[in-house]
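Trainee: Could we go through this structure together, with the reasons behind the terms?
Mentor: Sure, have a look first.

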Amino acid sequence: MKKLVIHGGRRLSGEVTIGGAKNSTVALIPAAILAETPVKFDSVPDILDVYNLQAILNSMNVTSTFRGGELMIDPTNIVESELPSTAIKSLRASYYFMGSLLGRFGRATVTFPGGDNIGPRPIDQHIKGFEALGATVHEENDTVYINAENGLKAALIFLDVVSVGATMNIIMAAVHAEGTTVLENAAREPEIIDLATFLNNMGAQIRGAGTDVIRITGVKKLESKNTHTIIPDRIEAGTYLALAAAQGDGVLVKNVIPEHLESFTAKLLEMGVDLEVREDSIYVPKSVNLQPIHIKTAPFPGFATDLQQPVTPLLTLASGTSVIQETIYPERTRHIPELQKLGVDISNDVYGQINVTQSSNFHGARVSAAEIRAGASLVATGLMADGITEVINAEHVLRGYDHIVHKLTMLNADIQIEEE
C-alpha cells in the first residue's frame, strides 16, 4: 500500500500540462480489440488503470506496449479466454469489455466489475441495450454472460436514464451489428465523441456523438490507419484549476479544451476567480475575496460529479457557506469525514446536499482516500494545510491522476509517495 506525504502551506506557481482523459482511455483500450489491425494511441495518461487494462488484454493474447504516453495494442491474434478477475475487480471501466467482446465475437463473459465505491451504479441500461441488439444476458455468481447466437441486429434503443457507460458499451456492441442502430437519450460527454472519432477513423459509421441521438450503422471490419490522440482530461484540468485558485500565486493550466469545462469555469468565475481563458490553456491568477456559490451536479454539459469533490477545498475560502447538490451519486460523501479531520467545516444531509462553510487554519492529519476524486480533495486540502498530511490508500489517487506527484512538485508543492 502507498501513501502520499504532503508538507503543506507552500504557495503554488508555474505551469502544469494536462494528460489524456482517463474516462476516454478506459473505454478506448477495450474498443481497440474491435480492430483487425494493430492500434496506436498517444497522450495516454500514466495511471494504474492503463496497466490493469493491459493485464486484461494480455489474458486474451492481445499484446501491448506503453511508453512515453504512447500505447500500442495488437489484437490480431486475439483469443477468447477467461478474463483475470483481479484486474476486472480493480476498475469499474472493465465493463467496457462487455460491449467490445460482444461486438468482436458475438458473446462475452465478464466478472462483475469493481472500481470506486461511490454508491450504486447498476448496469441495467447496458443489459437493456445488449438485449435490444439480440443478445441474451444472464448473471450468475457475480459474472455476466452475454450471447448473441443469431448475430447482432440493429435496434431502436431508448435509455431510461442518461448513462455514459451504457452509451459507450452499446456503441461498441453495435459497430458490427446488421443495420442502423438508433440510440436515444444517449449521454453527450466529450469522451463519447472521442470514442466515436476513434472508431469512425477505423471505418465505423457513427453519427450524432455529442448529441442525445446517436446512429450506428454496422460495418464488416475496422482497420486502424493512424494514431489516435486522446482528448485532454477535463476532470484533471478542473482539479488543477480549483487547486490553483485555492493555493496558487499564478498557475497556467495547459493542454485543455475550454469548451469541455464551461460549466466548471463558469462557477469559478461566479466565485470571483479571475480566470484568463485562452485557446488551449487557462491562466489562474492569485484569487482573493471569493464568494460562496451553489453547485448542482448534472450530466454533461452540466457540472460534472467528478469535480464536486476536487472543488470543495476552494469553497472553504469563500466568505459564507457554499452548497453542493450531488444528483448523480448522492452517496459520494466519503471525503467529508476525512476533510473534517483536516479542519474543513463541511457537512451533508440525507438529501444529498453538502454544505461547505468558510474555514481556515487547516492542520495536517492522517486521512484515507476512499476513491479517486475524494483523494484529490484530500491532496488539495493537505497542500493548503499547516503541517504534514498523510493520504493513505493513495492507489486510488494514482489510478486516476497522471504523474500527480511530479506535476505538483513542479508547481512548488512538497509531496512524496511512500510505502505504507
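Trainee: Which residue stands opposite S281 in β16?
Mentor: K254 does. Before we go on, this is a predicted model, where local features need pLDDT of at least 70, side-chain atom pairs count only at pLDDT 80 or more, and totals for chains, interfaces and linings use all residues. Residues are numbered from 1 along each chain as its sequence is written, and side-chain values use heavy atoms, with hydrogens and water left out.

Trainee: What makes β14 and β16 a pair?
Mentor: Two strands pair if DSSP finds at least two bridges between them. Strand β14 (residues 248-254) has 4 bridges to strand β16 (residues 281-284), so the pair meets the cut-off of at least two. They run antiparallel. As for the names, helices (H or I, at least four residues) and strands (E, at least two) are DSSP runs, numbered from the N terminus.

Trainee: Which strands are the edge strands of the sheet ordered β2-β14-β16-β15?
Mentor: They are β2 (12-17) and β15 (276-277), as each pairs on one side only. This open sheet has 4 strands and mixed pairing.

Trainee: What lies across β2, β14 and β16?
Mentor: Helix α8 (residues 234-247), running at about 165° to β14. Such angles run from 0 to 180 degrees between N-to-C directions, with axes fitted as lines to C-alpha atoms, for helices over the stretch in contact.

Trainee: Why does one side of β6 and of β7 lack a neighbour in the sheet?
Mentor: In the open sheet of 3 strands, the order is β6-β8-β7, with antiparallel pairing. β6 (107-111) and β7 (136-140) are at its edges with a single partner strand each, so one side of each has no neighbour there. The twist averages 10° from one strand to the next.

Trainee: How do you know that β6 and β8 pair?
Mentor: There are 5 bridges between β6 and strand β8 (residues 143-147), in the antiparallel sense, and T111 stands opposite T143 in β8. Helix α4 (residues 96-105) packs on this sheet and touches β6 and β8; contact means heavy atoms within 4.5 Å.

Trainee: Why is the protein said to be as compact as a globular protein of its length?
Mentor: It has 14 helices and 23 strands. Its radius of gyration is 21 Å, close to the 22 Å that the globule rule gives for 420 residues, so it is as compact as a globular protein of that length. The radius is taken over C-alpha atoms, and the rule is 2.2 Å times the number of residues to the power 0.38.

Trainee: What lines the largest cavity?
Mentor: T239, Y240, L243, A376, V379, A380, I404 and L408. By type that is 7 nonpolar, 1 polar and no charged. Here Ala, Val, Leu, Ile, Met, Phe, Trp, Tyr, Cys and Pro count as nonpolar, Asp, Glu, Lys and Arg as charged, and the others, Gly among them, as polar. On a 1 Å grid over the protein atoms alone, a cavity is a set of points where a 1.4 Å probe fits but cannot get out; lining residues have an atom within 4 Å of a point.

Trainee: What makes N185 unusual?
Mentor: Most residues other than glycine have a negative phi. N185 is not a glycine, yet has a positive phi of about 60°. You'll find N185 in the loop between β10 (180-184) and α7 (190-201).

Trainee: Where is the cis peptide bond?
Mentor: From F300 to P301, with omega near 15°.

Conventions: On a 1 Å grid over the protein atoms alone, a cavity is a set of points where a 1.4 Å probe fits but cannot get out, and a pocket is an open set with protein on both sides within 12 Å along at least five of seven lines; lining residues have an atom within 4 Å of a point.
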